Amino acid sequence: METITHPTIIFAAATASMTMFMLHQRQKVKIIVETKKKDNVKRQKKISLSNTMPSFSTHAIHAGQPPDSSTGGVCVPINLSTTFSQNNIGVPTGANHPAGYNKGFDYARGTNPTRNAFEICIAQLEKGAKYCAAYGSGMAALTTVVHLCKHGDHIICCDDSYGGTQRLLRTIAGPIYNISSSYIDFNEPGALEKELKQYPNTTLIMFETPSNPTLKIIDFEKVVKVAKKYNVLTSCDNTFASLNGSQPLTFGVDIVVHAITKYINGHSDVVGGVVLTSNIELYKKFKHLQNSMGACLSPFDSYMAMRGVKTLSIRMERCEQNAMEIATYLENHTKVEKVLYPGLRSHPQHELACRQMSSFGGMISFFVKGDLNDCRTLLSNLKLFTLAESLGAVESLIESPALMTHHSVPLERLKEAGVEPNLVRVSVGIENVKDLINDFEQAFSFVGR
Ligand SMILES: Cc1ncc(COP(=O)(O)O)c(C=O)c1O
């Protein structure tokens, strides 16, 4: 059975725990916080709480996660039931459950209390979203989006999107479903409109910002304006910026995708993905595809990711601080040709990043001076940075996009997208930044010897 949720029900469930929290807060109209100025003089700051809506970090801990009504347990339990007893024939149990979507539960592929709670939480955290559906991987979430297209349609994608996305479009969507795709630099003036004219059968625009691995920033407003003119859906893979880094739906983008494998879970121990929208018709399709194709997120992984997202805002804050310091260090290094980080003034879309992003994130790419061998020397001498694919976790990871994450992309396409053999991608973690810089320093000493 397919389960569809009415928007008000999602919000009711998402804010159930928040209501209690806010009632408690409203009683104390003002609080006094003592802060210290640099000169150590104490000053008092009044913070008015009366009309304040809960913020991101509060929602991350409470949305969709009220204490368990039967035990008082403060964590949403992992519910492993695959099937749920019915009160009557065709009347599922659990309509009043906070994650029951007012329909209750019948079979776990379609609805599961732990996954539903996670979906409610993420829908609350992605600004502009009303609905969320969770899948077994980021690729399963992207595959779901591609299933909005039909035989004969065309997809326009950004030229340096994740290699797995390009592989999905080139080796599956194209040959199996006859959905063609083309790849452009969204920052080239007029390129998107030109492509839409060339492919009038385009029904979907897929892009990432910051893009993977060259960290280009794409202007939401510009993309949405052109897409609306041609009546084409837009889907933004928001994995790199994460939930609190940029908010594509608030600019009118139709769909947001996250690989929760990355920042949302944040501990390199879950593979999963989500699709978000504020459009009920799209959401119905996503739920239908979740149930019909069966690529749903497991209860255990839902629990883990819900636990991970509770600390997202403080993890992202630290990742960004560390990334800014490391990017500056790299930019001043004699063995580095060029650094790509949206927080640096030298980044080609730095101003756009300042306008559009609330955090520059923890991803840095840079070109090592020299060739692939110099790159290999650097990567093989690092001790703290782990040589590994993936990103967005507490530990710092480093990789060669051309040889690792993007190796499935044809070589000439990589060159066009600026993914040269000497490009290195770093996912900055939350370790002590001095230790990370020291690690770079000792590894660089082996380069070009
Ligand atoms: C930007 C981006 N989107 C999607 C994915 C796919 O996610 P998953 O590995 O969970 O399938 C990745 C994986 O690295 C990614 O970097």
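In the predicted model, Cys236 has Val256 of strand E10 as its bridge partner. Strands E9 (residues 233-237) and E10 run in the parallel sense where they pair, and three bridges join them. Strand E10 also pairs with strand E11 (residues 273-277), in this case in the antiparallel sense and over four bridges, and His258 stands opposite Val274 of E11.

The surroundings of E10 were examined next. Five of the five residues of this strand, which spans residues 255-259, are buried, so E10 is largely enclosed by the rest of the structure. In a regular strand, side chains alternate between the two faces of the sheet. In E10 both faces are covered, with Ile255, Val257 and Ala259 buried on one side and Val256 and His258 buried on the other. Val256, the bridge partner of Cys236, and His258, which stands opposite Val274, are thus placed on one side of E10, with Ile255, Val257 and Ala259 on the other.

A further contact is formed between two helices, H10 (residues 312-331) and H14 (residues 433-444), whose axes come within 10 Å and cross at roughly 30°. Because angles under 35 degrees count as roughly parallel, H10 and H14 are therefore described as roughly parallel to each other. Their crossing is right-handed. On the H10 side the contact involves Asn322, Glu325, Ile326 and Tyr329, which meet Val433, Leu436, Ile437 and Phe440 in H14. Classified by residue type, this contact of H10 with H14 has six nonpolar residues, one polar residue and one charged residue.

Conventions: Residues numbered from 1 in each chain as written. Predicted model: local features only at pLDDT ≥ 70, side-chain atom pairs only at ≥ 80, totals over all residues. Axes fitted to C-alpha atoms, helices over the stretch in contact; angles between N-to-C directions. Parallel < 35°, antiparallel > 145°, perpendicular 65-115°, else oblique. Left-handed = near helix turned anticlockwise from the far one by under 90°. Contact = placed C-beta atoms within 7 Å. Nonpolar A, V, L, I, M, F, W, Y, C, P; charged D, E, K, R; others polar. Buried ≥ 20, exposed ≤ 12 C-beta atoms within 10 Å, placed from the backbone. Pairing = 2+ DSSP bridges.
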